[in-house]
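Biologist: Please take a close look at the pocket in this model. I would like to know what lines it and what surrounds it.

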Amino acid sequence: MKKKIIPLLCLFIILGLASCAKKKQVSINSVDDLKGLTVGCQAGTTGELFLTDEIENVNVKSFKTGIDAALSLKNGAVDAVVIDELPAKEIVKRNSDLKTLDIKFFNDEYAIAVRKGDSDLLSSINNTIASMRANGTYENLVNAFMPLDGNIVLPEDVVTNFTTVIKMGTNAAFPPFEYTEGTKIVGFDASMAQLIARDCERKLEIVDMNFDGLIAALQSGAIDFIAAGMSATDERRKNVDFSEPYYTSNQVIIVRK
């Protein structure tokens, strides 16, 4: 019996030490400290582009969602995660063993993407955004989805009787902008899209897909516009047209406590 127990005990100790070794403690006081680390991010985002293009000697691991990246961080497979500020707050709120560092290194301006040359839809979207800001609807949505106390209160849906469909493409894993509540996709972008559809006299349909497949879906006609916390970068402007910006966010770093 002893001969069997001792090897098993040794195996458990080795596995335990290996697990601890994976979850190494890292010290990050600036963006430069990401060098030499394994850093997670969401595929197709500006965070991924920043890590790939601006940081030397960093091992970038891309995930379908920021939540997947955070789970990898918890498990010790990555040393840190780079993600937008508000989704980072939601992730940390739900995972007490993670924290956000007070390092903000560049801003993202979110905008809505339409197919190149779709000027009528783009004009309508810009008018809706302007109207939201003027009549207080924008502020109401900010207060609903980004409350100071952290308690989100979903606004009432904008109900219409239109039959012609307009399709919004998104990645519903980016709270508080788009996420699932039960079987329904909700969030700041989803509520704004209801207003866009109403003003276009269309019925809104939300299509959930991987973030890095959204632009291809828009170009193919599978969706009509993208509202997904997407940054209006020069590279993306080569393939889509963007509305006026509707939100400015910072990129931040999440680590284990």
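Modeller: On a 1 Å grid over the protein atoms alone, a pocket is an open set of points with protein on both sides within 12 Å along at least five of seven lines, whereas a cavity is a set of points where a 1.4 Å probe fits but cannot get out; lining residues have an atom within 4 Å of a point. Grid points are joined across faces, edges and corners, and a volume is the space filled by probe spheres set on the points. The model is a predicted one, in which local features need pLDDT of at least 70 and side-chain atom pairs count only at pLDDT 80 or more, while totals for chains, interfaces and linings use all residues. Residues are numbered from 1 along each chain as its sequence is written, and side-chain values use heavy atoms, with hydrogens and water left out.

The largest pocket holds about 240 Å³ of space. Its lining consists of Leu86, Lys89, Glu90, Lys93, Phe145, Met146, Pro147, Leu148, Gly150, Ile152 and Pro176. By class there are seven nonpolar residues, one polar and three charged; Ala, Val, Leu, Ile, Met, Phe, Trp, Tyr, Cys and Pro count as nonpolar, Asp, Glu, Lys and Arg as charged, and the others, Gly among them, as polar.

Helix H4, residues 85-94, contributes the most to this lining, with four residues. Helices (H or I, at least four residues) and strands (E, at least two) are DSSP runs, numbered from the N terminus. Within H4, the buried residues are Glu85, Leu86, Pro87, Ala88, Glu90 and Ile91; buried means under 20% relative accessible area, exposed over 50% and partly exposed in between, with a 1.4 Å probe and protein chains only. Leu86 and Glu90 are thus named among the buried residues of H4 and also in the pocket lining. The buried residues of H4 pack against helix H3 (66-74), strand S3 (80-84), strand S4 (98-100) and S13, where contact means heavy atoms within 4.5 Å.

Pro176, another lining residue, belongs to the loop between S7 and S8. A cis peptide bond joins Pro175 to Pro176, with omega about 5°. Most residues other than glycine have a negative phi, and most peptide bonds are trans.

The S7-S8 loop also brings in the aromatic rings, since Phe177 lies there, between strand S7 (165-170) and strand S8 (179-181), and Tyr110 lies in strand S5 (residues 107-110), so their pair ties together parts 67 residues apart in sequence. That pair is edge-to-face, at 5.1 Å centre to centre and 85° between the planes. Rings of Phe, Tyr and Trp (its six-membered ring) pair if their centres lie within 6.5 Å; planes under 30 degrees apart count as stacked, over 60 as edge-to-face and the rest as tilted. Both Tyr110 and Phe177 are buried.

A second pair, Phe188 with Tyr246, is stacked, at 6.1 Å centre to centre and 5° between the planes. Phe188 sits in helix H7 (residues 188-199) and Tyr246 in the loop between strand S12 (240-242) and strand S13 (247-256), so this pair joins parts 58 residues apart in sequence. Phe188 is buried, with a relative accessible area of 0%, and Tyr246 is buried too, at 1%.

The structure has 10 aromatic pairs. Ring pairs link Tyr110, Tyr138, Phe174, Phe177, Phe188, Tyr246 and Tyr247 into a cluster. Over the ring of Tyr138 sits the charged end of Arg133, 4.2 Å from the ring centre; a charge sits over a ring if NZ of Lys or CZ of Arg is within 6 Å of the ring centre and within 35 degrees of the ring normal.

Phe174, a member of that cluster, leads on to the closed spaces. Searching the whole structure gives two cavities of 30 Å³ or more. The largest cavity holds about 90 Å³ and has 14 lining residues, with Thr45, Asp84, Phe174, Phe211 and Gly229 nearest its centre. Those lining residues divide into four nonpolar, seven polar and three charged.

The second largest cavity has a volume of about 40 Å³. Gln42, Thr45, Gly47, Val82, Ile83, Asp84, Phe174 and Gln251 line this cavity, and S3 supplies the largest share, three residues. Its lining has three nonpolar, four polar and one charged residues. Thr45, Asp84 and Phe174 appear in the linings of both cavities.
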